[in-house]
Amino acid sequence: TRKESSAASDVYKRQLLYASLLTAGLFSSSCIDDFLTQYPYSTTSPETFFKTEDDFKQALSGCYSMINSSQMSYYYGLIYVLEGCSDEVVSNPASTGTLYDLLRGSYQTDNAQIRSFWVLFFRGISRCNTLIEQLKGENDLTPEQRTAYEAEARFLRGFFYLHLAQTFGGVPVYDAPAVGSTAARDNLERVYTQIIGDFKYAWDKLEDAGIFKSSANRWTAAAYLGSVYNYLASCKRYDVGKELVGIQPLNDFGWVDEEAMSLAARDVLKEVVEKSPYELLDKNNYRKLYYEMSKEAQYKECLLMAEYAENTKHCMVSYYVLSPVGDAKTVGGSYQRMFPTMKLYRSYDNADVRRDCNITGAYNPNNRYGSDLSKIPSETVDGYRYYVPAESSGVASGTSTALWCTGKFRVSDPKERSSISANQCVMNYPLMRMAEVRLQYAEALYFTGDESGARKQFDPVRERVLAGDVSLKKLNEAYYRSDFVEELLEERGRELCYESKRKIDLIRFGRITETIEELPSEGGPNNVAVGIDLLKDNWRSYKIWLPVPQLEIDLNPNLEQNAVYAD
């Protein structure tokens, strides 16, 4: 029948896709010095392509490009998966479509964005495996260069697998280029053994600086390794997904030795805190972490970023999600796809400057300045002009976009651009920075019996965000919780909001369902309260795992659907 013929054709096309992942067509053919610049992929075969260092550099750049691809990556869509379904942000109920369903916990097995995420990150894994395999052949690299390229590729493979495992659970593990279209899902123990092995190799083999200025180095690998240890320890301690294990054993954390994991996290994170060249930006420079053109400041604190790629149309993370509301082409603003919650706003003390940096009003609230943009306040940071948004009302009500915005990231004045068009920006998105490392270290110290030492890790994170002459002692007293884990999670929320950490944090500490159920439905009609109620209606505890895309299961029946979605 025509339907059967179409299905057979789809399988054949899928097999061709998997086969194509093995070729150097995955990698750009033009030699570039900066891995952020991507060009159309060639059809050169591996036998003729992987010879010179430029060839391998180009191949490695193709691996990195998956982090900020124009598909479902940190370029735009992945933040909906990782920030949504938390107590930090809520969807704009006026926005409709499958992308916004991810903010509301309406996970469907045919969601195109979920499938795009799955395919994209497995494509990244395949690129890494191809590069690693080709290092074994005849080429012009020295032994030291071979080791460096393999270590960075293995770090990236671990990075891609970590994201897949934390969102889908057990997934097929490929450690060689031969990606089969009929591979079954491996259990979490197998997947995390692969991730830990890759991060350990990178930690051991990489130098203080990577192959590119912005690529992973040994400290990046160590930070991620420590975070994985903490993740596994917390998932075991708080019985994450335990009620689903009887239905689906592959997503079981029962194999984890939580005490050993916490000790391992403590030791590796101690190394990063005490010996790495990265540092917390001081009070005068803290805001530069989120300003588009303050790259040099960002490199001092950020161990890894999703970087702007020259051939992309926009940096959509900043324009459509996380900068203050305003026209992108004139003031560098967003269209407010998600709102901060009142719970996030209230988590900050008045003496903490992060509150008014992270939650703002619009650039031109209620058309306050009309069409005369010269009246909008501006500031100059590192030689670039930025418009200054209005202060937030502190109340999520009324027309929320006017005085209730996720305003953390700032784009420079688009009218002053010369190298890119007015509707583009070159914003970097932080993926791992020293504030995160400090908080991960605090967690490891606490769970290895050193609560006093753990609490001291909060000090440098908070000291730089004190308003005026407020003392650190006063802020520490305001934020003190007798339950250290409660204080840790609150501090992670204050510091790392909008950086794709919150949902995973709530899951790994076993708090996501109760947090969503208890989230106050605050705000006027048609805005924040409605978005919160939509989330509450949709959320179920089994949704700690995304559904495996149904089309992938149709093409590979050996893929098992996550528990309950298949019912």
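The exchange below goes through a predicted model of one chain and the reasons behind its labels.

Me: What makes up the chain, and how much of the chain is buried?
Reply: The chain has 26 helices and 8 strands. Of its 567 residues, 61% are buried. The accessible surface comes to about 21,300 Å², and 48% of that surface belongs to carbon and sulfur atoms.

Me: What share of the contacts joins residues at least 24 apart?
Reply: The share is 73%, taken among contacts between residues at least 6 apart in sequence.

Me: Why is Tyr-498 called buried?
Reply: The label requires under 20% relative accessible area. Tyr-498 has 0% relative accessibility, so Tyr-498 counts as buried. Its place is in the loop between helix 22 and helix 23.

Me: Why does Ser-500 count as buried?
Reply: Ser-500 is at 7% relative accessibility, and therefore counts as buried against the cut-off of 20%. Ser-500 is also found in the loop between helix 22 and helix 23.

Me: What is noted about phi in Tyr-498 and in Ser-500?
Reply: Phi of Tyr-498 is near 70°, a positive value in a residue other than glycine. For Ser-500, again not a glycine, phi is positive and near 65°.

Me: Why is Lys-242 called exposed?
Reply: Exposed means over 50% relative accessible area. Lys-242 stands at 55%, so the label is exposed. Lys-242 lies in helix 10, residues 242-245. Its C-alpha atom is separated by 8.6 Å from that of Gly-254, 12 residues apart along the chain.

Me: How do you know that the span of helix 8 agrees with the expected value?
Reply: The expected span is 1.5 Å times one less than the number of residues. Helix 8 covers residues 188-205, which is 18 residues, so the helix should span 26 Å; the end C-alpha atoms are 25 Å apart, which agrees.

Me: Which residues of helix 8 are buried, and what covers them?
Reply: Among the buried residues are Leu-188, Val-191, Tyr-192, Ile-195, Phe-199 and Trp-203. The cover includes helix 7, helix 9 and helix 11.

Me: What makes helix 18 mostly covered?
Reply: Of its 14 residues, 12 are buried. The buried set includes Met-434, Glu-436, Gln-440, Glu-443 and Phe-447. Helix 18 reaches 20 Å from its first C-alpha to its last, close to the 20 Å expected. Gly-449 follows helix 18 and has a positive phi, near 95°.

Me: Why is Arg-464 called buried?
Reply: At 5% relative accessibility, Arg-464 counts as buried, because the label needs a value under 20%. Arg-464 lies in the loop between helix 20 and helix 21.

Me: What is Arg-464 in contact with, leaving aside neighbours within four places in sequence?
Reply: The residues in contact with Arg-464 include Leu-280, Asp-282, Tyr-286, Glu-301, Arg-433 and Glu-495. Arg-464 and Tyr-286 are 178 residues apart in sequence, with their C-alpha atoms 7.1 Å apart in space.

Me: What makes an empty space a cavity and not a pocket?
Reply: In a cavity a 1.4 Å probe fits but cannot get out, whereas a pocket is open. A search of the whole structure finds 2 cavities of 30 Å³ or more. The largest cavity has a volume of about 310 Å³. Of its 20 lining residues, the closest to the centre are Leu-162, Gln-166, Ser-500, Lys-501 and Ile-504.

Me: Which helix gives the most to the lining of the largest cavity, and how is that lining divided by residue type?
Reply: Helix 7 gives the most, with 5 residues. The lining divides into 9 nonpolar, 6 polar and 5 charged residues.

Me: What is the volume of the largest pocket, and which residues are the closest to its centre?
Reply: The volume is about 400 Å³. Of the 22 lining residues, the closest to the centre are Asp-87, Lys-343, Glu-486, Glu-490 and Arg-502.

Me: How many charged residues are in the lining of the largest pocket?
Reply: Asp, Glu, Lys and Arg count as charged. On that basis 13 lining residues are charged, with 6 nonpolar and 3 polar. Helix 22 supplies the largest share of this lining, 5 residues.

Terms used: Residues are numbered from 1 along each chain as its sequence is written. This is a predicted model: local features need pLDDT of at least 70, side-chain atom pairs count only at pLDDT 80 or more; totals for chains, interfaces and linings use all residues. Side-chain values use heavy atoms; hydrogens and water are left out. On a 1 Å grid over the protein atoms alone, a cavity is a set of points where a 1.4 Å probe fits but cannot get out, and a pocket is an open set with protein on both sides within 12 Å along at least five of seven lines; lining residues have an atom within 4 Å of a point. Grid points are joined across faces, edges and corners, and a volume is the space filled by probe spheres set on the points. Helices (H or I, at least four residues) and strands (E, at least two) are DSSP runs, numbered from the N terminus. Buried means under 20% relative accessible area, exposed over 50%, partly exposed in between (1.4 Å probe, protein chains only). Contact means heavy atoms within 4.5 Å. Accessible areas come from the Shrake-Rupley method with a 1.4 Å probe; for residues, only the protein chains shown count as cover.
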